[in-house]
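Welcome! Please take a moment with the sequence and the model before reading on.

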Amino acid sequence: MHISNNVKKILERYESDSPGTKVNLARILTHGKMANTGKLIIFPVDQGFEHGPRAFTANSAGYDPHYHYQLAVDAGVSAFAAPLGLLEAGASTYAGQVPTILKINSSNGLSVKQDQALTATIAEALRLGCSAIGITIYPGAQESLEMFEEAKELAAEAKSCGLAVIIWSYPRGPNISSAGETALNVVAYSAHMAALLGAHIIKVKFPTSYVEDNETAPFYRDIPAEQPQDRIKHIVQSCFAGRRLVVFSGGTKKDNASVLSDAQAIQKGGGSGSIIGRNMFQRPREESLELFEQIVDVYTN
């Protein structure tokens with residue numbers, strides 16, 4: 001495994017981690033078309049729990065787990081993230097062809113409770129040869145404190161086994177408006193909490209210029225927010241001044257220009273890359289591969 005100076009500098013920021021954990025981080029950072037750039041493009045297919053099989057109706061090939069594995073391999077993504085059953089369905093066929101991330105907790109669209117259930121274990125991540133686990137937290141939810149405790153325990157167990165930890169930090173709850181879920185001050189707060197919980201890689205939604213009216217709002221009067229790259233820069237700053245990798249969600253399917261515009265802002269703002277699912281698997285295969293190449297061009301040129 002060749003490791004560039006860029007990646008070596010990133011690994012140095014994780015000062016308490018074991019060699020095993022750093023090896024797994026390095027596997028993700030040195031794989032695919034973003035290898036050794038210090039940037040990441042992660043392909044997540046965890047939407048089945050949250051949205052149900054309707055997530056795959058736009059491109060019915062996506063009902064087959066092997067379709068996603070093969071798309072991840074052919075696109076040359078940094079890593080492929082999915083829940084237990086989906087990873088198990090292709091783990092042998094695609095062993096060693098792409099680093100995998102076991103999404104270890106999940107919600108569902110039929111529940112009214114803002115919480116996540118444990119749907120896999122650290123032992124299963126090791127059995128499947130995963131490089132990392134993925135954990136979702138909902139800062140602001142009534143159950144958020146319990147979720148923080150659970151995330152802390154899972155992260156500690158994963159690190160003790162040499163696995164990297166990715167935290168999906170999605171604010172929601174009775175005191176957060178719909179617009180507030182992507183508000184600059186709320187996203188920054190949520191990203192910072194993920195860093196405090198010990199995440200190696202932090203996943204957040206792309207922030208808007210809106211500032212939610214809460215106790216943090218007065219501090220945002222002088223923080224630049226008009227340009228998207230300025231908002232990205234602030235989120236990165238909120239994650240230990242850039243000492244933690246921060247990737248931004250692609251969200252719902254959007255046109256190519258919007259996807260590329262987001263990537264350009266992430267690049268200019270110093271973000272670590274994209275974690276893009278529906279904007280890949282809900283497109284026809286060739287179209288998604290072409291869009292992926294264009295995203296790679298944004299991050300490497």
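This report walks through a few helices, a strand residue and some loop positions.

Keep in mind throughout that the model is predicted.

## Helix α10 and its surroundings

Let us begin with α10, which covers residues 256–269. Does its length fit its residue count, and what span should its 14 residues have? At 1.5 Å a residue they should span 20 Å, and the end C-alpha atoms are indeed 20 Å apart, so the two values agree.

At the N-terminal end, Asp 255 acts as a cap: one of its side-chain oxygens lies 3.1 Å from the backbone nitrogen of Ala 257. Beyond the other end comes Gly 270, with a positive phi near 85°.

Which residues of α10 are buried? They are Val 259, Leu 260, Asp 262, Ala 263, Ala 265, Ile 266 and Gly 269. A general point helps in reading such a list: an α-helix has 3.6 residues a turn, so residues three or four places apart point the same way. The buried residues of α10 pack against three helices and two strands, namely α9 (228–238), α11 (278–281), α12 (285–300), β9 (245–249) and β10 (273–275).

## How α9 meets α10

Two packed helices are described by the angle between their axes and the distance between the axes. For α9 and α10 the angle is about 55° and the axes are 8 Å apart. The two helices are therefore oblique to each other, and their crossing is right-handed. On the α9 side, the contact is made by Pro 228, Gln 229, Ile 232, Lys 233 and Val 236. On the α10 side, Ala 265, Ile 266, Lys 268 and Gly 269 take part. Among these, Ala 265, Ile 266 and Gly 269 also appear in the list of buried α10 residues.

## Helix α8, mostly covered

Next comes α8, made of residues 184–196. The same sort of check works here: at 1.5 Å a residue, its 13 residues should span 18 Å, and the end C-alpha atoms are 18 Å apart, in agreement.

This helix is mostly covered, with ten of its 13 residues buried. The buried ones are Leu 184, Asn 185, Val 186, Val 187, Ala 188, Ser 190, Ala 191, Met 193, Ala 194 and Ala 195. They pack against α7 (144–160), β7 (164–169), β8 (201–204) and α9. Helix α9 is thus a partner of the buried residues of α8 and of those of α10. Just after α8, Gly 198 takes a positive phi of about 100°.

## Two buried residues with their neighbors

Asn 105 lies in strand β4, residues 105–106. Is this residue buried or exposed? Its relative accessibility is 1%, so Asn 105 counts as buried. A polar atom of its side chain lies 2.9 Å from the backbone nitrogen of Thr 136. Leaving out residues up to four places away in sequence, Asn 105 touches Gln 116, Ala 117, Leu 118, Thr 119, Gly 134, Ile 135, Thr 136 and Glu 150.

Ala 72 is found in helix α4, residues 65–75. Ala 72 is buried too, with a relative accessible area of 1%. With residues up to four places away in sequence again left out, Ala 72 touches Phe 43, Val 77, Phe 80 and Val 98. Leu 84 is twelve residues from Ala 72 in sequence, and their C-alpha atoms are 17 Å apart in space.

## Positions in the loops

Three loop residues round off the tour, and the table puts their places and accessibilities side by side.

| Residue | Loop | Relative accessibility |
|---|---|---|
| Asn 36 | between α2 (19–29) and β1 (40–44) | 16%, buried |
| Gly 32 | between α2 and β1 | 31%, partly exposed |
| Phe 240 | between α9 and β9 | 28%, partly exposed |

What is the phi of Asn 36? It is near 65°, a positive value in a residue other than glycine. Phe 240, also not a glycine, has a positive phi near 60°.

Gly 32 offers a look at how distant parts of the chain come together. Its C-alpha atom is separated by 7.9 Å from that of Ala 75, a residue 43 places apart along the chain. Gly 32 touches Gly 76 and Val 77, not counting residues up to four places away in sequence. Val 77 is also one of the residues touched by Ala 72.

Technical notes:
Residues are numbered from 1 along each chain as its sequence is written. This is a predicted model: local features need pLDDT of at least 70, side-chain atom pairs count only at pLDDT 80 or more; totals for chains, interfaces and linings use all residues. Side-chain values use heavy atoms; hydrogens and water are left out. Helices (H or I, at least four residues) and strands (E, at least two) are DSSP runs, numbered from the N terminus. Buried means under 20% relative accessible area, exposed over 50%, partly exposed in between (1.4 Å probe, protein chains only). A polar contact is a pair of N or O atoms within 3.5 Å; within protein, one must be able to donate a hydrogen and the other to accept it, and residues adjacent in sequence count only if both atoms are side-chain atoms. Contact means heavy atoms within 4.5 Å. The expected span of a helix is 1.5 Å times one less than its number of residues. Axes are lines fitted to C-alpha atoms, for helices over the stretch in contact, and angles run from 0 to 180 degrees between N-to-C directions. Angles under 35 degrees count as roughly parallel, over 145 as roughly antiparallel, 65 to 115 as roughly perpendicular and the rest as oblique. A crossing is left-handed if the near helix is turned anticlockwise from the far one by less than a right angle, and right-handed if clockwise.
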